[in-house]
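This report walks through selected local features of one protein chain, moving from charged pairs to helices and then to backbone details. Please keep the sequence and the structure in view while reading.

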Amino acid sequence: MSEVDYIVVGLGLAGVAFCEQCKERGLSVLVYDKGVESASRVAAGLYNPVILKKYSLPWMAAKQFDLAINFYTQLENKLAAKFMRQLPVQKIFQSVEDQNNWFVASSQQGLDRFVKGTLTKNHNTYIEAPFELGEVEETGKIDIPQLLESYRQFLKKDSALKIEAFDYDQIKFHHSYVEYGNYKAKMIVFAEGYGIKNNPYFNQLPLVGNKGEYIYIKAPNLNLNEALKARFFIIPIEKDIYQVGATYNWSKKDWIVTEEARQEIVSKLATFMKSPYEIIRQEAGVRPTTGDRRPLVGVHPKFSQLAIINGLGTRGVMAGPFLAQQLMEHLEDKTPLLPEIAIARFPKKLQ
């Protein structure tokens, strides 16, 4: 029987971040991943620390942001891969009031680092922005599919990746370790995203999930060099190709693209973009979100060899490295988890 320190189930952003925490400490990992239906694979990948709907910062935004930038920069160097790029994010104002709210935000402590206090004029004839544009500073984009593929190859070289579904029935518990198949480990860490709903040990946690869909368009006349946020994001992907979306559907929890979502995006896109385009593909995914908008991190209260890192929501690029660090320090250093993220806040769910 082979021994590893941690078995990790799921190789999205959370799984990669936790694996890197293990590597930093010289701990071995074995990853199980089906290679399909990951919210990370269809996410936009923007690292933007400002909630542009209400001009506010997410929970612990600056700390998460700084840690994430450092994490992805180091990971690029380690993998000899390029998946980060600076990308301005600009907000199209909907009204004078909206514009004024931007100025208020630019003077607030914390927000003043990211919200540029001067407006940007719109010179793109295919974009309607009668109230000018606001720009978020220090923003960029992670090519998540490229990151995940590079990390998969990295794990394969170490024979540390199993491309297969995880079978919960094969777990065998012992006093100080756990067995799975031909492996024994200190712990199993589940980073399955919405897939946690099929996990008999953690599926009672209040992971709500919401379905998001994007379309990809080819618009040769648009010539955008920045991500634009109006009712949806328009994000440059490569020459003349843009990702547009995403929708939010709280009732459907599948990975099937719909005509309804496509028409919603198309109709809202028409309110501010006047460039001709063709739709070249559509994608759907289920974001792992929670009712209280906080992640799910911690150790199972009954099965102490099982842990979870989940509920990253819409800002997984920023949250993943921070949450992985929190979980690792909890497991290896016995540091208490922040109460806002600890699954202990749901004591009746895992009895």
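## Charged pairs close in sequence

Arg 281 counts as partly exposed, because its relative accessibility is 40%, and its side chain meets that of Glu 283 in a salt bridge with an N to O distance of 3.5 Å. The model discussed here is a predicted one, and a search of the whole of it finds 16 salt bridges.

A further pair is found in helix H6, where Glu 264 and Lys 268 are four residues apart and are therefore separated by about one helical turn. These two residues form a salt bridge in which the closest N and O atoms are 3.4 Å apart. Glu 264 is partly exposed at 30% relative accessibility, and Lys 268 is likewise partly exposed, with a relative accessible area of 29%. In addition, Asp 33, Glu 149 and Arg 152 are joined into one network by salt bridges that share partners.

## A salt bridge between distant parts of the chain

Which parts of the chain does the pair of Asp 158 and Lys 23 tie together? Asp 158 lies in the loop between H5 and strand E8 (161–162), whereas Lys 23 belongs to helix H1, so the pair links parts that are 135 residues apart in sequence. The salt bridge between the two side chains has an N to O distance of 3.6 Å. Asp 158 is partly exposed, with 45% relative accessibility, and Lys 23 is also partly exposed, at a relative accessible area of 26%.

## Helix H3 and its cover

Helix H3 takes in residues 61–79, which makes 19 residues, and from its first C-alpha to its last it reaches 26 Å, close to the 27 Å expected at 1.5 Å a residue. Its buried residues are Ala 61, Gln 64, Phe 65, Ala 68, Phe 71, Tyr 72, Leu 75, Glu 76 and Leu 79. Seen down the axis of H3, these buried residues fall within an arc of 135°, so they line one face of the helix.

What covers the buried residues of H3? The cover includes helices H1 (13–24), H5 (144–157) and H7 (316–333), together with strands E3 (46–47), E4 (84–86) and E7 (140–142). One residue of helix H5 is Gln 153, whose C-alpha atom is separated by 9.2 Å from that of Leu 79, although the two residues are 74 residues apart along the chain. Gln 153 itself is partly exposed, at 34% relative accessibility, whereas Leu 79 is among the buried residues of H3.

## Helix H7

Helix H7, which is part of the cover over the buried residues of H3, has 18 residues and reaches 24 Å from its first C-alpha to its last, close to the 26 Å expected at 1.5 Å a residue. H7 is mostly covered, with 13 of its 18 residues buried.

## Backbone details at the helix ends and in a loop

Just after H3, Ala 80 takes a positive phi of about 50°, and just after H7, Lys 334 takes a positive phi of about 60°.

Positive phi values also occur in the loop between E3 and H3, which holds Tyr 55 and Met 60. Tyr 55, a residue other than glycine, has a phi near 50°, while Met 60, which is not a glycine either, has a positive phi of about 55°. Are these two residues buried or partly exposed? Tyr 55 counts as buried because its relative accessibility is 7%, under the 20% cut-off, whereas Met 60 is partly exposed, with a relative accessible area of 29%.

## The loop between E15 and H6

The loop between strand E15 (241–245) and helix H6 (259–269) contains Tyr 248, and Ala 246 has its place in this loop as well. Ala 246 is joined to Gly 245 by a cis peptide bond, with omega at about 10°.

Tyr 248 is partly exposed, with a relative accessible area of 49%. Together with Val 208 and Trp 250, Tyr 248 makes a nonpolar surface patch of about 300 Å².

Conventions: Residues numbered from 1 in each chain as written. Predicted model: local features only at pLDDT ≥ 70, side-chain atom pairs only at ≥ 80, totals over all residues. Heavy atoms only, no water. Helix = DSSP H or I, 4+ residues; strand = E, 2+ residues; numbered from the N terminus. Expected span 1.5 Å × (residues − 1). Buried < 20%, exposed > 50% of the residue type's maximum accessible area, 1.4 Å probe, protein only. Arc of directions from axis to C-beta. Contact = heavy atoms within 4.5 Å. Patch = residues over 30% accessible without salt bridge, like charges linked within 9 Å, V, L, I, M, F, W, Y side chains within 5 Å. Areas by Shrake-Rupley, 256 points an atom, 1.4 Å probe, with all protein chains shown as cover. Salt bridge = Lys/Arg side-chain N within 4 Å of Asp/Glu carboxyl O.
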